[in-house]
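Here are a few exercises to help you find your way around a new structure. Take them one at a time, and keep the 3D view open as you work.

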Amino acid sequence: MSRLSGLLAAVSVLLSTSCAGSALSGRGCALSERLVPSCGVLLGVETDPPTNEQLRHVEASLGNQFEMVHRFHDLDDPMPSADERALVAHGRILQISIDARFYNRPHQIVTWQDVAAGNEDAALTRMAEGISSLKRRVFVTFDHEPDLPRRFGVGTAADFVVAWRHVHALFARAGANNVVWVWVVTGSPTTQSFAVSAWPGNDVVDWISWESYNGSGCRAYQLSPDRYQSFAQTTLPFLRYLDAVHDRYNIDIAKPMMISEAGSVIYPSRPELTAQWYRGIPAVLRSHPQIKAVSLWDHVGTAACNYRFDGISKISDAVRSLSKSPVFDG
């Protein structure tokens, strides 16, 4: 994107010194200490597999680069990885999600009460020290999607709040003062009440984030173009809900907002419909300037739930056009 080289240079200066704001080259635009751009919207990606090699492949297919890169870790992962250190060294903004689980031990449940009790402190402290060693600002999320129905067995919304605040305090004790905390929920209409009940508090969250997926029934293997929803339809209901209830839950909606996972399923017979979803993103962002970052989900979940955007020309053309949109240039 046209502002990328200036932005990455600014990020490098910003985060390798005192973490104060820095002007974006040639635009009079800056990143705040909490990585909030003073103009434009940050654009990120999560690739499958989550490697720098795959990132280079995706970017080459688009003829463009992403400002943020989103990666996930479980409690067993060494973090940051060599790939992630390389990304930060080259000025990318790293977005890390720490999942309170073990990917290779799916039947071993880590509850939020376990986390709050300090049972995972050793692993979390190692993660905090690893992030601190980067000496750059990093977006960090603890246990994204706490409102996901299949996660309800790990605790209540109140348990999540206590766990989040415990992790936040642990990171502070470990000296990870370069962390920018991003609270991420699904934003699904069916789980909105749980989501806002899991708000950890204005003092321990820097960004508000949720997800935007046009799945059209793919999870039930009933993928249908008739169930298509635009980016506006998949993004704005949770924002409207926050507007309606934020006072009741003491949520400061003046905080910057992020769509941390965004993607449309591919319709094999109608790829132009998927392309339309991506082409609709800029208009929503222009109308809702509180959304300061969007991270695209370039994944194949299942054969039915294919969100990979870089394999079909009509779709990759739409994402290429999206990445060059003035809304991301400021």
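Ala, Val, Leu, Ile, Met, Phe, Trp, Tyr, Cys and Pro count as nonpolar, Asp, Glu, Lys and Arg as charged, and the others, Gly among them, as polar. Keep in mind that this model is predicted.

**Exercise 1.** Describe the second largest pocket and its lining.

Solution. Begin with the space: the pocket holds about 170 Å³. Next, look at its walls, where 10 residues form the lining; Arg 56, Ala 86, Leu 87, His 90 and Arg 92 lie nearest the centre. Helix 2 and helix 3 (82-89) are the elements giving two or more residues, and helix 2 gives the most, with four. Finally, sort the lining by kind: four residues are nonpolar, three polar and three charged.

**Exercise 2.** Decide whether Glu 59 is buried or exposed.

Solution. First locate Glu 59 in helix 2 (residues 52-62). Then apply the cut-off: buried means under 20% relative accessible area. Glu 59 has 6% relative accessibility, so it counts as buried. Beyond its neighbours within four places in sequence, Glu 59 touches Asn 64, Gln 65, Phe 66 and Arg 92.

**Exercise 3.** Work out in which order the strands close into a barrel.

Solution. Follow the eight strands in the order 3-4-5-6-7-8-9-10, with parallel pairing. On average, neighbouring strands are turned by 30 degrees against each other, direction ignored. For one pair, take strand 3 (residues 42-47) and strand 4 (residues 68-73), joined by two bridges; Val 45 has Val 69 in strand 4 as its bridge partner. Now add a helix: helix 9 (residues 271-279) packs on the sheet, touching strand 8, strand 9 and strand 10.

Terms used. Residues numbered from 1 in each chain as written. Predicted model: local features only at pLDDT ≥ 70, side-chain atom pairs only at ≥ 80, totals over all residues. Heavy atoms only, no water. Pairing = 2+ DSSP bridges. Axes fitted to C-alpha atoms, helices over the stretch in contact; angles between N-to-C directions. Contact = heavy atoms within 4.5 Å. Buried < 20%, exposed > 50% of the residue type's maximum accessible area, 1.4 Å probe, protein only. 1 Å grid on protein atoms, 1.4 Å probe; cavity = no way out; pocket = protein on both sides within 12 Å on 5 of 7 lines; lining within 4 Å. Points joined across faces, edges and corners; volume = space filled by probe spheres on them.
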